[in-house]
Every structure is written in structure tokens, then in C-alpha cells.
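Work through the exercises below with the sequence and the model open. Try each task before reading its solution.

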Amino acid sequence: MTSPCLPVDDLLSLTSDLLERSGVRADDASLIARSLLAADRAGIYSHGLLRLPLYLEAVTAGGIDPTSRPSVVRRVGGTAVLDGEGAFGQVVMQHAVDLATETAREHGIAAVAVQGSTHFGAGRFWTDQLAERGLAAVLTSSTGPVAAPFGGSRPVLGTNPLTLSLPSSGTGPLVADLATTAGAYGKVVSARNEGTPIPEGWGVDAGARPTTDPSAMLDGGALLPFGGHKGSGISVLLEGLATALTSASLATRTVDIWQDRSSRMNTGHLLIALDLAAFGDPAQIRDRVAELQAEVRSSHPTGTVVAPGDLEHDRAAAGDAVELAASTAEQLRALARTHDLPFPDPLTEGTSR
């Protein structure tokens, strides 16, 4: 199947309309739509519009409360605990980003721990905001149980993503946004939807046998950590940081909305923000980061090396259209038809992927 290329503005309107018809406030619907489209535009399809049908079903089933508003339940110095109250993860994270900005401006550093949240989309959507405000950032989150620790075969960990970001005077921030599993869970779901295999080394089936069949991995199997025992160690510690500082649930105590749309996941996040101005001249710090980016890019005679974050930044800046997987486009088309909403005409048919 080919992947249609669709206008971003039309997809934003459609996504916002679908969310609003599910009871999401207009400003929240716009935020969620921008988060999902930003992921697709950057090529992070596992965290883009692939997730919209899941979100809408979770709202209907009660797993996500579109009317909830996050609240601060504890605040000490440069730290805070934010309760998401079962709201959309994007709504919760926007509160966390704004709170971290305010707190870091006062203290030079901020740490916001979150409980009672859900999936917040791609991490760089939030750290990019902080970079624009002159703040470096570290962000992690818990998820449902989908990954086995090194040496194990039972899914007891989440994908436990990690996002690191530094503002730069270059074309974009220096940013790494990655799951601590060999592949993102959403990419496995996408592969199943598209009828394509997953790469070797990503996961095992229910019998702990290595598999490239996404259905076998999703049906009782597990993702594996990246980097063997090193990646596994990082994943375990990130889950601890994302959950133990609050009342958020460990992955093994969580029923993911992928499995039960009515589940209140009680996802945990931890966001750390550092104000560049607290460490020196922000312009000089940005220039040093740009210098580091340039050194990385020039580290091969052909000049083909990319610094972390370059590919996603370049893809997002490439135009006003986004290429979606055929299965994702068909799901959106069906939703539009159900709600009597217009579906955008493809600009081109795109490529096979």
C-alpha cells in the first residue's frame, strides 16, 4: 500500500474537530492535534495520528477524561508534583512545561514530577517548547508493560522514553528523543496494521522466542531493551524516576489503554528544566551547542553525518504536507465519514512504507 501525502492544515482541522466531537475543549483539541501532527511531520509516525483512534476510543470508554484539569498537589523550592487527574497527556504536559518554565526562571532549575497522566505523544514536542524559551530539558515517562528487562522475557517495563534537549543558535535544538526499547511500541502497532515485519532484535513472542512478526510480539510477547544490559539498566532507572517520586503506577501495575480503553493508566512523567541564564550568558551557551552540532556534522569527509535532532527538524520544515501510512489514513477517513466531516484530498500518493 502507498502512503498518501495530505495537507497539514486540513489534517489539523479534522483532528481538532474529531476531538471536539468527543467532548474535548477546543483549546485542548488544538494542542493535541498539533502534538500528533508535529510527530508525523518529523517522521515519528509511531506517536502521530496513528494514536488518534486509540485516544478517541479511550475517551468513549472512560480511560481518558477530556474534562479533567491538572492540579499542583505539592510544591517545594524548585520542585513540584502535578496530578493529571486522568486528562489527556498532552494537556497535562502543557501544564508541566509552563510550570517548569516559571519555576526554572525563579530557581535556575525545575523538576516537575507528574502522576495521573496518560500518553503525551512525542517527547520533543515538549522539550522544543522549552528550548525556544531558553531552557535545556530532560524528560521521561512510564508506559504500560510492554518490555522485558535484559535476560527476561516477561513484559514488566514500559518503553520508558527519554528526551534530552539543549537550545542552540543553529537551525534547531540539539535533541535526542528515544524509547529505551529497541523499537517504539507504536512502530510495532503500525507494522501490524501495515502487514510488515519488525526488525530482528526488537522483540520476542509469548514463548520468549525472537520474532519479526509484530502480531506475535503484541500477543503476549515483549519488546527488548536497546543496547542489551546497558539500555535495560537505563530503562529501569527511568521508570523509577517517572513513577517512584509520585503515586504514578509501575508498568507492571498498569493496564495499557491499548489493551483496555477504559483503563486509567496513572502514567508518570518527570520533567527537569534548566534555565541557561542561571549558568552564564545564554547566547554563548547556544553558540557552544551550535559548535558541537557543527563538529558532529563535519566528522566525516563526505559531510553526511547528522547531529541528534537534525533529521526530525529537517523533515518538519520540509513543507505543509505530511505522508501518512495507508492504514492510518484509512482509519482517519472512516472517522471522518462517521462524523460527516470532510477528508482532505491527497496531494500525492507518496511512497510505500
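**Exercise 1. Strands 3 and 4**

In strand 4, which residue is the bridge partner of D83?

Solution. The partner is Q115. Now widen the view. Strand 3 (residues 79–83) pairs with strand 4 in the parallel sense, over 5 bridges. Strands are DSSP runs of E, at least two residues long, and helices are runs of H or I of at least four, both numbered from the N terminus. Two strands pair if DSSP finds at least two bridges between them. Next, check burial. Strand 4 covers residues 109–117, and 7 of its 9 residues are buried, so it is largely enclosed by the rest of the structure. Buried means under 20% relative accessible area, with a 1.4 Å probe and protein chains only.

A note on the model: it is predicted, so local features need pLDDT of at least 70 and side-chain atom pairs count only at pLDDT 80 or more, while totals for chains, interfaces and linings use all residues. Residues are numbered from 1 along each chain as its sequence is written, and side-chain values use heavy atoms, with hydrogens and water left out.

**Exercise 2. A sheet of 3 strands**

Give the strand order of the open sheet of 3 strands, and explain its edges.

Solution. The order is 9-8-10, with antiparallel pairing. Strand 9 (210–211) and strand 10 (222–223) are the edges; each has a single partner strand, so one side of each lacks a neighbour in the sheet. Strand 8 (residues 203–204) is joined to strand 10 by 2 bridges. In one of these pairings, V204 has A222 of strand 10 as its bridge partner.

**Exercise 3. Helix 11**

Compare the expected span of helix 11 with its end C-alpha atoms, then find what covers its buried residues.

Solution. Start with length. The expected span is 1.5 Å times one less than the number of residues. For the 13 residues of helix 11 (residues 326–338) that gives 18 Å, and the end C-alpha atoms are 18 Å apart, so the two agree. Then burial. The buried residues are A326, S327, T328, A329, L332, L335 and A336. An α-helix has 3.6 residues a turn, so residues three or four places apart point the same way. The cover over the buried residues of helix 11 includes helix 1, helix 3 (52–61) and helix 6. Last, the exit: D340, just after helix 11, takes a positive phi of about 55°.

**Exercise 4. G309**

Is G309 buried or exposed? Place it in the chain and list its contacts.

Solution. G309 sits in the loop between helix 9 (282–297) and helix 10. Its relative accessibility is 8%, so G309 counts as buried. Beyond neighbours within four places in sequence, G309 is in contact (heavy atoms within 4.5 Å) with R124 and V175. The C-alpha atoms of G309 and G172 are 7.8 Å apart, although 137 residues separate them along the chain.

**Exercise 5. The largest pocket**

Describe the lining of the largest pocket.

Solution. A pocket is an open set of points on a 1 Å grid over the protein atoms alone, where a 1.4 Å probe fits, with protein on both sides within 12 Å along at least five of seven lines; lining residues have an atom within 4 Å of a point. There are 45 lining residues, and S46, H47, L178, A179 and A184 lie nearest the centre of the largest pocket. Strand 7 gives the largest share of the lining, 4 residues.

Terms used
Buried means under 20% relative accessible area, exposed over 50%, partly exposed in between (1.4 Å probe, protein chains only).
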